[in-house]
Amino acid sequence: MPNGHVHYEACDQLLWKFTEQEYPAFRIDRYHYSRIVRVLHLRGVRGYAPNPRWETFQPPEYWLGKAPKREVVEAVAAKYVKALQALLTSNPNDALHPSVRGASMVLFWFELGWAVRIGDYFLYTRTGDEPLRVIEKPGPALPPDVELTDEQRAEWNKIMGNLATDVGVDGLMSGIKPEECVCDLRGVTELLCSTTPLHHAPSWPRIAASSVYSAECSGLVVEAMRAHGLQRETDQLTTRWRRPEGE
């Protein structure tokens, strides 16, 4: 097309807007015939976001080769952490205090089967015809000698899911390491990636059982995004992807 866009039906985004100032403002970029997708947003406090010098942002190269090993993706994740950290400190006149600046990002290489997820994104994947399952966010591990009931473990996972795992001015928060932000998508047939914790919504069992592009799943996801967005007074974004037939 004249503007360089290449149509890719396998991936799109659902955006629920609550704020006129678009907070957080999502930056969505597509590369390599749209099969590489990056979503990035910055957060602050009480509706205020950092005001960096975007022209200074220098993301690392995203080309990994035809069959990259995990350590190659981990190296890219580490470089992105440093690039986002530099972005947050790029404007010496930023009125927002450094301690409340944060950056979140998810980067998908759909054809290669890898992703880097940093910060405020919840990831759900399906293999074959099984229900969508939660890919837990990285966080502090339990001591090996601690045993939890199913109810206690669910509560622990909920607490871990609410930990700040985005990039701050001093790097990744909550003691997270860049390599923990890498997700293996090889074999995945469908996914949802959302700023909304969909697995906490009452409708999650129905969402998990439905195809991500079905009318039922789409409607339930938007309802969950709206409920979470109203509670947080922020815009919400969900990325959807389904593996094309024959791939």
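Right after helix α4 comes E233, with a positive phi near 55 degrees. Helices here are DSSP runs of H or I with at least four residues, strands are runs of E with at least two, and both are numbered from the N terminus. This is a predicted model, so take local features as needing pLDDT of at least 70 and side-chain atom pairs as counting only at pLDDT 80 or more, while totals for chains, interfaces and linings use all residues. Residues are numbered from 1 along each chain as its sequence is written, and side-chain values use heavy atoms, with hydrogens and water left out.

**The chain overall**

- You're looking at four helices and twelve strands.
- Of the 247 residues in the chain, 46% are buried (under 20% relative accessible area with a 1.4 Å probe, protein chains only; exposed is over 50%, and partly exposed is in between).
- Among contacts with a separation of 6 or more, 69% join residues 24 or more positions apart; a contact means heavy atoms within 4.5 Å.

**Helix α4 and its surroundings**

- Helix α4 has 18 residues, which should span 26 Å at 1.5 Å a residue, and its end C-alpha atoms are indeed 26 Å apart. The expected span is 1.5 Å times one less than the number of residues.
- The buried residues in α4 are C217, S218, L220, V221, A224, M225, H228 and G229.
- Those buried residues pack against β1 (11–16), β11, α3 and β12 (236–242).
- C217 has a relative accessible area of 1%, so it counts as buried.
- E216 makes a salt bridge with R206, with the closest N and O atoms 3.1 Å apart. That pair links distant parts of the chain, E216 in α4 (residues 215–232) and R206 in α3 (residues 204–209), ten residues apart.
- Both partners are partly exposed: E216 has a relative accessible area of 38%, and R206 has 47%.

**Helix α1 and the cores**

- Helix α1 runs over residues 70–88, and its 19 residues reach 27 Å from first C-alpha to last, close to the 27 Å expected at 1.5 Å a residue.
- V73, V76, A77, Y80, V81, A83, L84, L87 and L88 are the buried residues of α1.
- An α-helix has 3.6 residues a turn, so residues three or four places apart point the same way.
- The cover over α1's buried residues includes β3 (36–43), β4 (102–109), β5 (114–118), β8 (167–168), β9 (171–172) and β10 (182–184).
- The largest nonpolar core has 28 residues, and L84, M105, W109, V116, I118 and V167 have the most contacts inside it. β3, α1, β4 and β5 each supply at least two residues of this core, and α1 gives the most, with nine.
- There's also a second, separate core of 20 residues, including V39, F110, L237 and W241.
- A nonpolar core here is a set of buried Ala, Val, Leu, Ile, Met, Phe, Trp, Tyr and Cys residues joined through side-chain atoms within 4.5 Å.

**R126, a buried arginine**

- R126 sits in strand β6 (residues 122–126) and is buried, with a relative accessible area of 5%.
- R126 and E190 meet through their side chains in a salt bridge (2.3 Å, N to O). With R126 in β6 and E190 in β11 (residues 190–194), the pair ties together parts that are 64 residues apart in sequence.
- E190 is buried too, just as R126 is.
- A polar atom of the R126 side chain also lies 2.9 Å from the backbone oxygen of S210.
- Beyond its neighbours within four places in sequence, R126 has contacts that include P131, L132, V188, T189, I207 and V212.
- L191 is 65 residues from R126 in sequence, yet the two are 6.1 Å apart in space, C-alpha to C-alpha.

**Other salt bridges, and the cysteines**

- The structure holds eleven salt bridges, each a side-chain nitrogen of Lys or Arg within 4 Å of a carboxyl oxygen of Asp or Glu.
- One of them joins R186 and D184, with the closest N and O atoms 2.6 Å apart; D184 is partly exposed, at 35% relative accessible area.
- There are zero disulfides, counted as pairs of cysteine sulfur atoms within 2.5 Å. C181 is in none, and the nearest cysteine sulfur, that of C183, is 8.0 Å away.
- C181 has 2% relative accessibility, so it counts as buried.

Conventions: A polar contact is a pair of N or O atoms within 3.5 Å; within protein, one must be able to donate a hydrogen and the other to accept it, and residues adjacent in sequence count only if both atoms are side-chain atoms.
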